[in-house]
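Pull up the model and let's take a walk through it. We'll go piece by piece, from a hairpin outward to the place where the chains meet.

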Amino acid sequence: MGKMIIDEAFLSELEALQTLLRNNVAGMFGGNHQSKNFGSSCEFADYRDYVPGDDISKIDWNVYARFDKLYQKLYLDERQMHTKIYVDASRSMQHGSPEKAEQVLRMAAAFAYLSVAEMDKVSVYAIHGGHADEVISGMVGKDAYLNCINALNEIEFVGDAALDEAIRTSKIGRGDGYSILISDFLTDAPYEAAIDKLAEQKRDIFCIQILSREELNPQFRGKMHLFDSENVGDFFRKKIDRDRVNAYKAALKHVTERIKMYCEARGGHYLLVPAYQSLSDVFFGNMVDLEVLK
Amino acid sequence: MSFLYPLGLLGLLAVPVIILIYILQSKYTEQTVPSNYLWHLSERFLKKRNPLSGLTGIISLILQILTVVIVSLAIARPIITLPNAANDYCFILDASGSMNMQEGKKTRFELAQEEIVGVIKKSKSGSSYTLITVSDESVTVFDSLTEKDAAIDLVRKTAAEHTRGDHAELLGAAQKAFDEKPTSAVYLATDKSYAKHDNVEILDVGGENVANHALFDVTYAHTGGVLKASANAVSYASDAEVEVRLTVDGESVATEKVSLPKDAVTPISFEHSCAHFDEFRIEIVNEDGYALDNGITTYNLKSDRTYSTLIVSETGFFFEAVLDALGDSDVKVISPKQYESVKERYGLYIFDCCEPAVLPDGAVWLINPDQSIPDAGFGVRETVKYVNDVIEKSNSSATFVRHLLRGVDGSQIAVSNYVKYSGMYLRFHTLFSYDSNPLIFVGENGKGNRQVVFGFDLHESDFALSTDFVILARNLLEYSFPNVIEQTVYTVGDDALINLVANAENLKATAPSGKDLYIDTENGSSAVLSLDEVGTYVISLTLAGQDTQFRLYSSAAKEESQPTGEEPDFSLSGERVSADRDGTYDPLPLLLVLLAVIFIADWGVYCYEKYQLR
């Protein structure tokens, strides 16, 4: 049994949603996303003077009859986007109840479905260390989704994850859709460089931070010797009391706000998603409020 | 310090165990978390720590060790000796009638009990306690009791009397207790005021200006179908307007509003037409501090004056005539021979110049008996003839004799012959004598019946022709057929005289409180009933097979109605000496309190640590 369980009814509901892109789309193939460039869609955009060599089928003959001058009708261009989903596959994602990994995979699958429903291309990467391993590559169409999506369950959550290095070394693309980073971002590794790189490539950035219940509100008290799941040599040996927990919560707030500010400063979106929150609430609530979806 | 159960100290062995557990529990708990990133980062956000928070563990350990120590001590029951701390206490508790007066919601007696209990509670264990209650007599409730709780219990069980307080008795009881134990601290709990007192501490429970009015000195006359009743009333604390009510046979027949100036005796009188009454009550209706003195019930002295009398005589004329004249007797005259076949019982038998072989069961008059009779209480010596001299009336000051000779002149009674008697019972009383020989004497015979003896024949004396004979006959009849009670209104503390009528059985008295008082009827012709309570006493008896009741009222003592009065000095002679008695202190209650405090503190520390209650 895989970690990802997507309800078909939920997927059907997702079709009602549509992603909102901020950057001008620059896909190579036709799709559902309107480009700022003029193209061949059915949606009228403007007129311009006819020059020889233009497609005469787009000449507006009614205008010619009125003004005795040739004008060519311009239509908005619609492009196919390439949604790239980066999944933090480090060991830390396997903690919590429910595990953060389950929420990560569900969200990746849901986003992938949302994209293929919009006729976009979808790639999913699992970040292990400094590598972004391509789990699903260029998936287009619902049939392909059904065939490929199970590959997400094959992702192993082991080791650590260096978002910065992994994304920099992967094929990022340029201006052709969303780059979605799903991670707990609980690392002192410089993930900011990854965000900067995506922004530089005019990708629409969406950082989703998944945290477990214990991470959001630690319950243990007393003298604790805490081992880091990704680094056995890293331990924290202190007495945990209310002051310490308050400091922890302040640190958490600092981290989340920092990621959010960093993303928003670069035209991206940030969303904190508890591992126990339902996908419906996230997609139809938080993401709509955040204007990632409509 | 000593321990009742030293083995309890073995509990202290738990202390090292607790320390061991503390050490073991102090180890860090290991746990793997997804990332320590935030925990490390929390150092930057950690505020200045409360230095106490680091001590919670050791505080908890200290509290737990203290708990074990205290529990062990409590089980071992330490007794701490306090040198020369104990004392001998002697409490003299005034139990007179005025102590029943209300002071707010409690009586003075209850307040005195509380005062004494307070002193006992404050005293050190190891002290001894003596309690003497005093009203008209002193009663030692307990002597040299060393157990506090038992002493307190007994103090609370005492009750106030209704009788007069006797200062001399009070002082005497205190002095006696002090003489017997000069180490005693003497406390006098009373409502009386003492200007000066030595060697005694007064626990004053007397209030001032407690509203109290009293009614006393009830008299009445019932003539011509009109009852005239009167009484005196007084208000002690202040001038008062009161309502006085007359109740006859349970029905209120008259009320009167009366102004009672303070401390002034105010006469009150009522008139009520009634052919007959059984009882009437005069009472002040208004409530006050001492309800018992607000009314007096008077019972009509009823008695059956019809006596069945048998005269055994050949010539019983004189006695038949005088009994007829007195009109109270059902007289039958028979000859001595006929007496042998008499089966009926009579109240009075008069043997005139003859002697029965056996004394009958009933009152007996023996006239000129010249032969000894078994159980008659005297023997016959000789018959003296031709005297013709005046006999002597007894000049005894005894109440009994004076009562029987009331109205009798007795100066000119002469006899010609008389009989000399010897070996008389000591309980016989001589009314007349000649030459030191008793001629008319009365007393209780060997069968316990009242007996009158005339030592001469009435035919050989001029006595039967004098008015003294009728008067003496009336007095002797009253003696032979006494009323069960002679008086219906007494004052508490008095002794009521109960006449033991011949053939009366099952005699008992019921006090106002409902307590049955059984009266000794075996000896004597009368018994004394001590009236210790205020209210109606009911005397019940079976007379000739018929249940009969007589009632008398015991009124409150006038002296006890006055709220407070200045009493003479209360000084105990002698020097108080030190008791040199070691006291003991049982710290168990303190240990339990400490235990509770530590438990709460431990719980607080636990919550502080567990739930971070700050």
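B:Thr247 has B:Ser252 as its bridge partner in E16(B). That puts us right by the turn of the E15(B)–E16(B) hairpin, where two residues sit between the strands and B:Asp249 takes a positive phi near 50°. Keep in mind that this is a predicted model.

Follow the hairpin along its strands. E15(B), residues 240-248, and E16(B) pair in the antiparallel sense over nine bridges. Another of the pairs along the way is B:Val244 with B:Glu256 of E16(B). What pairs with E15(B) over five bridges? That is strand E18 of chain B, residues 279-284, again in the antiparallel sense. Here B:Arg245 is the residue to look at, since B:Glu283 in E18(B) stands opposite. As general background, side chains in a regular strand alternate between the two faces of the sheet.

Now zoom out to the whole sheet. Four strands of chain B make it up, in the order E16-E15-E18-E19, with antiparallel pairing, and the sheet is open. E16 (251-260) and E19 (295-299) of chain B have a single partner strand each, so they stand at the edges with one side lacking a neighbour in the sheet. From one strand to the next, the twist averages 15°.

Chain B has another open sheet worth a stop, this one of three strands in the order E1-E3-E41, also with antiparallel pairing. E1 (2-3) and E41 (581-585) of chain B are its edge strands, and each pairs on one side only. E1(B) meets E3(B), residues 78-86, over two antiparallel bridges. Look for B:Ser2, which is opposite B:Ile79 in E3(B).

On to helices. In chain B, H7 (residues 317-326) packs against H10 (residues 467-480) at an angle of about 75°, with the axes 10 Å apart. An angle from 65 to 115 degrees counts as roughly perpendicular, and H7(B) and H10(B) are therefore roughly perpendicular to each other. H7(B) brings B:Val322, B:Ala325 and B:Leu326 to the contact, while H10(B) brings B:Phe469, B:Val470, B:Ala473, B:Arg474 and B:Leu477. By type, the residues of this contact are seven nonpolar, no polar and one charged.

What about the nonpolar interior? In general, nonpolar side chains in soluble globular proteins tend to be buried together. In this model the largest nonpolar core has 76 residues, and B:Ile92, B:Ile116, B:Ala174, B:Val186 and B:Tyr187 are those with the most contacts inside it. Take B:Ile116 as a way in: leaving aside neighbours within four places in sequence, B:Ile116 is in contact with B:Phe91, B:Leu93, B:Val155, B:Tyr187, B:Ala189 and B:Leu203. Apart from that core lies another, of 75 residues, and among them are A:Ala101, A:Ala108, A:Leu198 and B:Tyr37.

With residues from both chains in that list, let's turn to chain A. Chain A has nine helices and ten strands, and 43% of its 294 residues count as buried. Of the contacts in chain A with a separation of 6 or more, 77% come from residues 24 or more positions apart.

So much for chain A by itself; how many residues of chain A are in contact with chain B? There are 33, and they touch 24 residues of chain B. E8 (222-228), E9 (231-240) and H8 (242-265) of chain A each supply at least two residues of the side that touches chain B, and H8(A) gives the largest share, nine residues. That side of chain A divides into 13 nonpolar, seven polar and 13 charged residues.

Two details fill in the picture. One is a strand pairing across the chains: E8(A) and E2(B), residues 29-33, pair in the parallel sense over five bridges, and A:Asp228 has B:Val33 of E2(B) as its bridge partner. The other is a helix crossing. H8(A) and H2(B), residues 37-45, have axes that come within 7 Å and cross at roughly 105°, which makes H8(A) roughly perpendicular to H2(B). The residues in this contact include A:Tyr248 and A:Leu252 of H8(A), along with B:Trp39 and B:Phe45 of H2(B). By type, the contact of H8(A) with H2(B) has ten nonpolar residues, one polar and two charged.

Technical notes
Residues are numbered from 1 along each chain as its sequence is written. Chains are lettered from A and ligands numbered from 1 in the order in which they are written. This is a predicted model: local features need pLDDT of at least 70, side-chain atom pairs count only at pLDDT 80 or more; totals for chains, interfaces and linings use all residues. Axes are lines fitted to C-alpha atoms, for helices over the stretch in contact, and angles run from 0 to 180 degrees between N-to-C directions. Angles under 35 degrees count as roughly parallel, over 145 as roughly antiparallel, 65 to 115 as roughly perpendicular and the rest as oblique. Two residues are in contact if their C-beta atoms, placed from the backbone, lie within 7 Å. Ala, Val, Leu, Ile, Met, Phe, Trp, Tyr, Cys and Pro count as nonpolar, Asp, Glu, Lys and Arg as charged, and the others, Gly among them, as polar. Two strands pair if DSSP finds at least two bridges between them. A residue is buried if 20 or more other C-beta atoms lie within 10 Å of its own, exposed if 12 or fewer, and partly exposed in between; C-beta atoms are placed from the backbone. A nonpolar core is a set of buried Ala, Val, Leu, Ile, Met, Phe, Trp, Tyr and Cys residues joined through C-beta atoms within 7 Å.
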